[in-house]
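Please open the model in your viewer and keep the selection panel at hand. The stops below each give something to select and then describe what is there.

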Amino acid sequence: MAKIKANNANEPVWRESNVRSRMPQELKVLDEIAHNLWWVWNYEASDLFSEIDKKLWSKTEGNPVLLLQSLSYARLEEITKDKALMNSIQSVYARFKAYMDEPKNTAIPSVAYFSMEYGLTNVLKIYSGGLGVLAGDYIKEASDIHADLTAVGFLYRYGYFTQSLSMDGQQIANYESQHFDQLPITQVLDTEGKPLVIEIPYSSFVVYSHVWVVNVGRIKLYLLDTDVDQNSEWDRSITAQLYGGDNENRLKQEYLLGVGGILLLDKLGIKKQVYHCNEGHAALINAQRLVNYIQNDHLDFNQALEVVKSSALYTCHTPVPAGHDYFEEPLFQKYLNHFPDRLGISWQEFMDMGRANSGSNEKFSMSVFALNTCQEANGVSFLHGEVSKKMFAPIWKGYYAQESHVSYVTNGVHMPTWAASEWRKFYEKYFDKNFYNDQSNPAVWEKIYHVADHEVWDIRMTLKNRLVKHIRESFKDNWLKNQGDPSKVVSILEKINPNALLIGFGRRFATYKRAHLLFTDLERLAKIVNNPLYPVQIIYTGKAHPADGGGQGLIKHIVEISRRPEFLGKIIFLENYDMRLAKRLVSGVDIWLNTPTRPLEASGTSGEKAEMNGVLNFSVLDGWWYEGYREGAGWALTEKRTYENQQFQDQLDAATIYSMLENEVIPLYYAKNSKGYSPEWIQYIKNSIAQIAPNYTTKRMFDDYTNRFYNVLANRSTELIKNDFSKAKELAAWKEEVSAHWDEIEVVSVNYDDNHGLEVGGAISAHVVLDKHGLQGDLGMEVVQMRTDPATNVDVIKVEALKLEKTEGTKLYFSTQITAAQAGTFKFGMRIYPSNKDIPHRQDFAYVKWINI
């Protein structure tokens, strides 16, 4: 007989059930506001939610959806009986509805915008850093200016990581699951009221995606979510983490964003005039768009490419080739081997669309594919535009970087989001009533000069005190956990001084950002921060990518230094940098420090956010600051390198920073009058706001994109698709004709004067005869002069067209005068190119034949 077991129980099985507050009818407008991120940049709305329950607002980290779900019914009833609060609710709702009811601006071309990340609010964790925050700011601005824009991205289950620090200062990355029902998002349903499902065919399987929508003012942001039961566990994880997983998962993500993003818009019946890739991650939108034109409009590949290119823009945010996405051919073939057949081209031809060198064994570059399928491309600052021209020059081998069509639009920031409410009220009081619609007008901002100095100083001190209060209240518990010694924590909290000169440094901890620069000479730094008459405190914050050991090492190094006795409470590291902390810092410190290795800062926008809050920039002349710096409105380290050895350059830059702090910055800040502030410092603030801030808003940025790209693309694509794509078909046929007969071009003769003894101002006469033979259409010829500038060691080119003197049958007769503008040696050459007034630029059809002269 078997013994009876004394215990036989399985593990508990739980099912989650969410119980929400029942919202009274008169309060349902709150839910409508909560589900539109308009509240993020309208302080009356966020103040209203805070007023409903301050503790709960803080506990939910400023999440109005979770706030409303968490309110007791008794509290909801109290609100309905509070006349003052109900009046506030109705007032905010009336403003919201008035905003939403304004019509779209049809003067701006319609845009579909694709990005891997969007930084809209700390509540919605679908961003990691600058790229996402820029995208979030951009679509907020699109809402404010009534643009017809639709955005596409991902809803990540775990988003980006939450940062904490170990006892020894090591970064710990924590991935916390988002509860979608507690977020300001709404699931998109089909006509039967069921969750809409998008089917995305990969090469040998199908991925299914749900769709969510984020209302960003007037703009719809659609988010793909593969955490769907129909998917395998492998595919459910595609949208699990932002920039998570290996290179294969990255390819699956970029396929989903590009191909899936277009299929999503198709399913929703959304068509736009311009398709904008925010980074190369979204490049595959053009692969699917090509398929659509071939299958739906019965165009061939070359015709479809004309149409797709004419309406596509690629924005690059990366200044070095290593920062772009590349995929090995076997991996790329695993997921896209079905595309060539759908496009009517060979696999080799498809791969070559992502290679700088056709026919090579290079990896497939998403950036190269974007450049080959987008008519226009841009960097994100003037300097980055110049760097991008050089970086991408190998794609168009017949032309030099200086001739590239790659342009730029300098990034900006959404002023209503990043300016503290105190500053916004100040601007509303003293600037034009139409200020928000005219933000990029410097004349409006110049009114700051007519405001009393003490009013500016009062706002600055209010925000500094708020930052210090936030640090003391928000970081005490964490510091007690990871500092080890409670007495040290108390000492730090006591030493944080709002009356000290506060320097802020907050950004992604990549090694090129040089967060370590201030610690080059610790003895000199200790003297600066420990001067009892002129106290200085430095606040650091930032995350390093979990795979970036160098960046994590920098954080650990700074934390270790901050715990040394001479720096305790003088150098502070704040963990878990996010949008909330960023706003506190860029409005609460006195100086925003940025020390990148030049020219690796594509743009940078944190300093622009500081500008909106009267915080002065101290930065290397790189990225946006190369354009933005004005004397008497901030401080700058030269953009020029003195040493090729980076260690020597770092030492020099550090010494320069110390010297400028000691001799310029600190004395200026502490030149205080009897009212407790420095009039000279206030003048710097006023100069900064008047002369710099208006140039770095997303209003100016969106205007630039519209004028430089959107209008150009919309107008040209309209021409190409008219009359059953007649112009696109004509251009494709012309290019096919040129390609077929290009090698038939014969240089019959080249004659030019002997240049021996040529003097400045003199010229060389040249005559060239070409025979086109079977090639139809026009040819152009140019003389290209090149000379090395000894000051910069950069090749300077001058291009002049040869004059077509006459045509006899298939022969063309050209002539030119090559003028010597200055003494010295210069080189010149001649090149032939196909000429057609209907192509947007030479790189669109980069056929070039250099002739032997």
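Select Y534 together with I528, I666 and Y670, with which Y534 is in contact once its neighbours within four places in sequence are left aside; contact here means heavy atoms within 4.5 Å. Y534 sits in the loop that runs between α23 (522-529) and β16 (536-541), where helices (H or I, at least four residues) and strands (E, at least two) are DSSP runs numbered from the N terminus. At 38% relative accessibility Y534 counts as partly exposed, the class between buried (under 20% relative accessible area) and exposed (over 50%), with a 1.4 Å probe and protein chains only. If you then add F205, you will find its C-alpha 66 Å from that of Y534, at a separation of 329 residues in sequence.

This is a predicted model, in which local features need pLDDT of at least 70 and side-chain atom pairs count only at pLDDT 80 or more, while totals for chains, interfaces and linings use all residues. Residues are numbered from 1 along each chain as its sequence is written, and side-chain values use heavy atoms, with hydrogens and water left out.

**The whole protein**

Zoom out before the next selection. The secondary structure comes to 30 helices and 28 strands, and the C-alpha trace spans about 95 × 80 × 70 Å along its principal axes. The radius of gyration of the protein is 30 Å, which agrees with the value near 29 Å that a compact globule of 853 residues would have; the radius is taken over C-alpha atoms, and the globule rule is 2.2 Å times the number of residues to the power 0.38. Of the 853 residues, 58% count as buried, and among contacts with a separation of 6 or more, 72% are accounted for by residues 24 or more positions apart.

If you switch on a surface, the protein exposes about 35600 Å², of which carbon and sulfur atoms supply 49%; accessible areas come from the Shrake-Rupley method with a 1.4 Å probe, and for residues only the protein chains shown count as cover.

**E306 and K735**

Next select E306 in helix α11, a residue that counts as buried because its relative accessibility is 4%. The side chain of E306 makes a polar contact with the side chain of K735 at 2.6 Å. A polar contact is a pair of N or O atoms within 3.5 Å; within protein, one must be able to donate a hydrogen and the other to accept it, and residues adjacent in sequence count only if both atoms are side-chain atoms. Besides K735, E306 touches R716, L720, A728, L731 and A732, not counting residues up to four places away in sequence.

**H298 and N292**

From α11 (301-310), go back into the loop that joins it to α10 (285-296), where H298 lies. H298 has a positive phi of about 60° although it is not a glycine. Most residues other than glycine have a negative phi. H298 counts as exposed because its relative accessibility is 68%.

Within helix α10, select N292, which is buried, with a relative accessible area of 15%. N292 touches I262, D266 and D297, again not counting residues up to four places away in sequence.

**H773**

A second positive phi, near 55°, is found at H773, also a residue other than glycine. H773 lies in the loop between β22 (763-771) and β23 (778-789), and it is partly exposed, with a relative accessible area of 37%.

**Helix α25**

Now select residues 579-588, which form helix α25, a mostly covered helix with seven of its ten residues buried. The buried residues are M579, L581, A582, L585, V586, S587 and G588. At the start of α25, look for a side-chain oxygen of D578, which reaches to within 3.2 Å of the backbone nitrogen of R580.

**R630**

For the last stop, select R630 in the loop between α27 (624-628) and β20 (635-637), where it counts as partly exposed at 29% relative accessibility. The side chain of R630 reaches the backbone oxygen of E627 at 2.8 Å. Leaving aside neighbours within four places in sequence, R630 is in contact with Q691, I692 and N695; between R630 and I692 the C-alpha distance is 7.4 Å, although they are 62 residues apart in sequence.
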